[in-house]
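Work through the exercises below with the sequence and the structure open beside you. Try each task before reading the solution that follows it.

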Amino acid sequence: MKIIKSILIGLIVGFSATLLHNVYPPLGLVAALCLTYLGVKASRDLYYARRYQLMTTISWLIVVIRAGTPGFSDEILIYGNTNGNIFLIGGFLVLLIANISRKKVRN
């Protein structure tokens, strides 16, 4: 059940970030990248295992890659403009940072 929930978190975060990145050009992009980071870290904090964080990351990537490719009617959600390119590259870097960083343990 935790795997399904972590996949759903990734799908929701990826969809929300995809729609948010192009709303208000500088602020929407920053908000989408922050949402991505917080969503992946929340998955780690909720389920205490890195595998659930990886499931969230993979499902986010699936949504964003699908949104960046043309569909049946040539519709596309992530354009090849500056905001779209920064969102794709920045989102991937944010995912790497979120997956590599460790959880701080307090004594």
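The expected span of a helix is taken as 1.5 Å times one less than its number of residues. Keep in mind throughout that the model is predicted.

**Exercise 1. The length of a helix**

Compare the span of helix H2, residues 25-47, with the value expected at 1.5 Å a residue.

Solution. Begin with the count: helix H2 runs over residues 25-47 and so holds 23 residues by the numbering of its DSSP run. Next take the distance from its first C-alpha to its last, which is 34 Å, and set this beside the expected 33 Å; the two values are close. Finally, look just past the end of the helix, where Tyr48 follows H2 with a positive phi, near 60 degrees.

**Exercise 2. The chain as a whole**

Describe the secondary structure of the chain, and then judge its radius of gyration against the globule rule.

Solution. The chain has 4 helices and 0 strands, and read along the sequence it follows the pattern α-α-α-α. The radius of gyration is 14 Å, close to the 13 Å that the globule rule gives for 107 residues, so the chain is as compact as a globular protein of that length. Along its principal axes the C-alpha trace spans about 50 × 30 × 15 Å. Turning to burial and surface, buried residues make up 36% of the 107 residues, while the chain exposes about 7000 Å², of which carbon and sulfur atoms supply 71%. As a last step, consider the contacts between residues at least 6 apart in sequence: 69% of them join residues at least 24 apart.

**Exercise 3. The buried residues of H2**

Which residues of H2 are buried, and which helices do they pack against?

Solution. The buried residues of H2 are Gly28, Leu29, Ala32, Leu33, Thr36, Gly39, Val40, Lys41, Ser43, Arg44 and Tyr47. A general point helps in reading such a list: an α-helix has 3.6 residues a turn, so residues three or four places apart point the same way. The partners of the buried residues of H2 are helix H1 (2-20), helix H3 (50-67) and helix H4 (82-100).

Two members of the list can be followed individually. Leu33 counts as buried at 18% relative accessibility, because the cut-off for burial is under 20%. Leaving aside neighbours within four places in sequence, Leu33 is in contact with Phe87, Gly90, Gly91 and Val94. Leu33 and Thr18 are 15 residues apart in sequence, and their C-alpha atoms are 9.8 Å apart in space. Thr36, also found in helix H2, is buried with a relative accessible area of 0%, and with the same neighbours left aside its contacts are Val13, Ala17, Trp60, Val94 and Leu95.

**Exercise 4. The nonpolar core**

Identify the residues with the most contacts inside the largest nonpolar core, and then trace the surroundings of Trp60.

Solution. The largest nonpolar core has 14 residues, and those with the most contacts inside it are Ala17, Trp60, Val64, Ile78 and Phe87. The elements that give two or more residues to this core are H1, H2, H3 and H4. Now take Trp60 and leave aside its neighbours within four places in sequence: the residues in contact with Trp60 are Gly10, Val13, Gly14, Ala17, Thr36, Phe87, Gly91 and Leu95.

**Exercise 5. Two buried serines and an aromatic pair**

Is Ser6 buried or exposed, and which residues does Ser6 contact beyond its neighbours within four places in sequence?

Solution. Ser6 lies in helix H1 and is buried, with a relative accessible area of 0%. Beyond those neighbours, Ser6 is in contact with Ser43, Tyr47, Tyr52, Met55, Thr56 and Ser59.

From here, move to Ser59, which is found in helix H3 and counts as buried at 4% relative accessibility. Not counting residues up to four places away in sequence, Ser59 touches Ser6, Ile7, Gly10 and Leu11. By contrast, Ser59 and Phe72 are 13 residues apart in sequence and 21 Å apart in space, C-alpha to C-alpha.

Lastly, turn to the aromatic rings. The structure holds 2 aromatic pairs, one of which is formed by Tyr47 and Tyr52, with 5.6 Å centre to centre and 65 degrees between the planes. The pair is classed as edge-to-face because its angle is over 60 degrees. Both partners are buried, Tyr47 with a relative accessible area of 13% and Tyr52 with one of 10%.

Conventions. Residues are numbered from 1 along each chain as its sequence is written. This is a predicted model: local features need pLDDT of at least 70, side-chain atom pairs count only at pLDDT 80 or more; totals for chains, interfaces and linings use all residues. Side-chain values use heavy atoms; hydrogens and water are left out. Rings of Phe, Tyr and Trp (its six-membered ring) pair if their centres lie within 6.5 Å; planes under 30 degrees apart count as stacked, over 60 as edge-to-face and the rest as tilted. Buried means under 20% relative accessible area, exposed over 50%, partly exposed in between (1.4 Å probe, protein chains only). Contact means heavy atoms within 4.5 Å. A nonpolar core is a set of buried Ala, Val, Leu, Ile, Met, Phe, Trp, Tyr and Cys residues joined through side-chain atoms within 4.5 Å. The radius of gyration is taken over C-alpha atoms; the globule rule is 2.2 Å times the number of residues to the power 0.38. Accessible areas come from the Shrake-Rupley method with a 1.4 Å probe; for residues, only the protein chains shown count as cover.
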